[in-house]
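I opened a fresh notebook page for this chain today. My plan was to look up charges first and strands afterwards.

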Amino acid sequence: MDKNRFDPVLPEDEFARTAKAGADHHLENPSPEGKNENAKEKDTDARCKDEQFVGNEENVLPTSIQMNDSLTFLHDGTEKEGLVRYIGTINEEEYVGILLTGPSIGLGDSDGTFQGKPYFTCPAKQGVFCPLKDLKKGSLSRLESLRLQRDHSSLLHEEYLELKAAMLKELDIRLEEKLTEFLDFQQRLTKLEANFVKDEELKLKREQSEKSIIYRLSKLEEQNANAKDLEEESHKYYTPDTYSLLSNYGPREKENLPIFIYSIFVFLFQVALLLSLVFSIVIPAWRSNDTIDGTNEIFPGDVEPIVKVVQVLSIIVYTVFADYSMQDLIIAFNFFFNIKGALNDTQRVGKMLLSALLRLLQGLAAVVATFFLIFTSLTAKDVVLNFAAINFISGLDDVAFSLVTTGIFGRRMKDKALEIKDKHLPDCILSSDFPMRGSWAVILLVGVTMIAIGLSFIVVPQSQGEFLYEVFRIEFGEETDFNKYSGCYHDETSSSRFDGRPIYQLDTEEEAVFGYCKKEQRWYLFDSSKSGYEDACAAAKERGESLLAYSSRTHSFDIEAIFSDPWFSRGHTPLDATFFVDGPGVRDGCGKKIGDGRCDVELNIDEFGFDGGDCCASTCNHPYCGLGTINYAFGTNVSSVGGGDGYQSCLDPSMETIEILFNFIDLDDSTDSTDSFPFLRVECDGVTHLTLNIVEIMDNKTETIYVSDGSSCTVGVTTASAWDAMNYTIYHNKIGGMLNNNAIITKGNIYRSNKSSTFQLVPRCYLKKLRDYIDINQIYANENTPQRMVIMDYLIGNGTKSIETLTSECENPFFIEQYALAVTYVSAKIAKVDIPNISSIANVFPEEMQDNRIHCSWSFVRCKSGHITSLSLGYSGMKGTLATEVGLLSKLTSLYMHDNSLSGPIPSELGNMSNLETLSLGDN
């Protein structure tokens, strides 16, 4: 059933009528004493089952009974009437609780409870419970129903009036009691007010007495505190460090000398370490990292905000929470503050003065080092680590003292250290007190000075633009599409700044701009002509075609600090870009292109790659490189005879130089046209290095040409007349930078015909390898040693190998043995009379030596671990001599040269070959 049926709600008039009727009936018919109510409840079912209901029962079912229905029924053989107040399940059976009304009031057996459990509320004997299945609702007439409702409402109203009257009576009684209490309280209050005036005078006297007692107690406490301070001052001890050892043990006493030297060494170590830290910052050559933001060479221009906070906090902590170095300063100042009293005392204070002076110097060095390390740190971690390092160095004197007390340096030093540890300071130091405000004065002076100087080096110059580079240059790689944005970028006006950073504009027709966006913490390169934006943040947000490139994240104030970090294109790919900071070379070269095929003197320096290689034939990559650049050559003005093409401005130190000397020139003077002059052309590695017309005034003059290391060159002269004659010599200048003299490469004579000389420069690495074994001046062939050129041609491949291959081969650990083997073979193979007829290596070396450069695979050579151990050239038709270079085969154990036609002396170097066991030179 619905729970709402268990909580009946009656109209107020009906409830009042019912309650009144029930109450009246209860008063007129009280229940008999001793009657068992529980027993009657148990008989309820039986009484209700057989009773007949009054009223019309037609078409009326038990399920039609609802809450608050009026009904008549038979109960205990008596016809009763009432209202339904409960319908529900009790003990698994449906029951109806009925409130008796009208004449039936007081004839019930319940007060709304059934078997001890309440189900509705009514006066005693005014309720009954019957099973629903045994009960049918009887119909009342309209007149009876109205009477029932009226009687019920009337009863409730009378009960309400009686209850209201009783409550008003009780309220009057309580008010009367409270009024009596109030009057009594008012009387007592009057008496207290009368006594208050008398007590006020006593209270005033008591307060005065208490103030007097408190004042006297405070004076006594102050006197006691002063007495304790004086007592503590009179028992101050030396600080446990090596400077206290210096205060007591001087070098004059022999037994004190070790501990004095030990303490001095501790001081020297501390100062040396501290000064090393300072010098590593202020001396550029000592720095491990010289990347500083801005033009200031020591202090970074703009570190991250967190770093600035940590810097200031570190200085505050360093000064307020005094570490070792600050404590040393305070102790030293304390001594000098009391030095007057110490000098007036009869005690000797020389050692104490030395100790205080050294302590002061160490403390000042620590303060200076702390200042530089903290304000030059680029990260918060560096600040903390540097701060800890300073504290460690400043505490070395304390650590050193502790080591002495352990006895590690001997019993005598230990005893002296322990004696100091328990020793009181002398009275002369305590004669006048270094006030507490003096200690704070030192702390504040050091702290404020460090912060002020640090900020002056960073904040003030930054606000004045000192850290700004006004010009920088950027060069993008040719393989990118950014080459047109290469060039100089200028900070045109100080007003064109966003987020405190300058805006850099390209000095060409391209409207490219570099700007910083503080929100994104990046520098951006964007094309303002495509977007119309003038600040980097707007271009970065738009992300259109105007955005060209961006940097890594940075807080740096100046763009120079981000040059070495990666840059990215709009598509997030890394950029090939090279930055050049402001300087004379950068400013002078603005407006000129690097790598455009024209040699610009302003850009012809190492920083710009010697104008991107435009100034040297071997590195210039444009079709018009070197054209029309020669007006003066061989000490002669050649502009009148057509000038020439060349690379006289080449300054690349990686290049080698050759020099051409005209020893003699005799030309046909029958015509003066430029077509009648002989023509000189120099080509190396297929690239023209020099072309010009030859005139007689070039006689006995030279011209220097820069060529690549190991180049294969051809020097050709085309005559213009059958009567032209000349003689020239070609030199290798200062070979590999090792010689002051020039080595002759070749010579040439020209008479009535064209002439060309082809040669290959000996690579620089070969010269360095061989300079200890041969005369470098004779490295190339000449009249006396034509076989030398054959040997070098064999080693360097006669122009068939690249410089990279040659460099790799000369780094071979067996290179010297290969050289010695080649010289030994050629010297033994060629007779002296046949030397002038040598034309090429094909006439000298066997095919196996020409085709395979692995010497250990040749038929006449035996090796062990790559070293030549046996050389068998017997019965080989040798006609020459045994070369001294055979001594370079240091691992050789067997040498067979028998049954040949060798001549000449036996090299003395054979006597120095300690591993040689077999030497066969018979039948020669």
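These are my entries on a charged patch, some salt bridges and the pairing of strands.

**Before starting.** I reminded myself that this is a predicted model.

**Entry: a negative patch.** I wanted to know which residues gather in a patch of negative charge on the surface. I found Asp199, Glu200, Glu201, Glu207 and Glu210 there. I then picked out glutamate 201, which sits in helix H4, a run covering residues 142–233. Is glutamate 201 buried or exposed? Its relative accessible area is 56%, and the cut-off for exposed is over 50%, so glutamate 201 counts as exposed.

**Entry: salt bridges.** I asked how many salt bridges there are by the rule used here. The count is 10. I keep in mind that side chains of opposite charge can pair when their charged atoms come close. I looked up three of the pairs in turn.

**Entry: the pair in H4.** I stayed with helix H4 for lysine 178 and glutamate 181, which both belong to this helix. Their side chains meet in a salt bridge, at 4.0 Å from N to O. The two residues are three apart along the chain, about one turn of the helix. Lysine 178 is exposed, and I noted 55% for its relative accessible area.

**Entry: the pair in H13.** My next stop was helix H13, residues 411–421. Here arginine 411 and aspartate 415 form a salt bridge, with 3.6 Å between the closest N and O atoms. Why are they about one helical turn apart? It is because they lie four residues apart in this helix. I checked both for exposure: arginine 411 is exposed at 59% relative accessible area, while aspartate 415 is partly exposed at 35%.

**Entry: a pair across the chain.** I then turned to glutamate 470 and arginine 587, whose salt bridge has its closest N and O atoms 3.4 Å apart. This pair links distant parts of the chain, with the two positions 117 residues apart in numbering. Glutamate 470 is in the loop between helix H15 (436–463) and strand E7 (471–476), and arginine 587 is in helix H18 (residues 584–589). Both ends came out partly exposed when I looked: glutamate 470 has a relative accessible area of 46%, and arginine 587 has 40%.

**Entry: strand E7.** From that loop I moved on to E7 and asked how many of its residues are buried. The answer is six of six. Both faces are covered, with Val471, Arg473 and Glu475 on one side and Phe472, Ile474 and Phe476 on the other.

I also looked up the partners of E7. It runs antiparallel to strand E8 (residues 487–490), joined by four bridges, and phenylalanine 472 stands opposite tyrosine 489 there. Four bridges also join E7 to strand E16 (residues 577–580), again antiparallel. In E16, alanine 577 is the bridge partner of phenylalanine 476.

**Entry: strand E24.** My last lookup was E24, residues 712–718, which pairs with strand E21 (residues 679–684) in the antiparallel sense over six bridges. Phenylalanine 679 has threonine 718 of E24 as its bridge partner. E24 also runs antiparallel to strand E27 (residues 755–760), with six bridges joining them. There I noted threonine 714 with its bridge partner threonine 758 in E27.

Definitions and conventions:
Residues numbered from 1 in each chain as written. Predicted model: local features only at pLDDT ≥ 70, side-chain atom pairs only at ≥ 80, totals over all residues. Heavy atoms only, no water. Patch = residues over 30% accessible without salt bridge, like charges linked within 9 Å, V, L, I, M, F, W, Y side chains within 5 Å. Areas by Shrake-Rupley, 256 points an atom, 1.4 Å probe, with all protein chains shown as cover. Lys, Arg positive; Asp, Glu negative; His and termini not counted. Charge placed at Lys NZ, Arg CZ, Asp CG, Glu CD. Buried < 20%, exposed > 50% of the residue type's maximum accessible area, 1.4 Å probe, protein only. Pairing = 2+ DSSP bridges.
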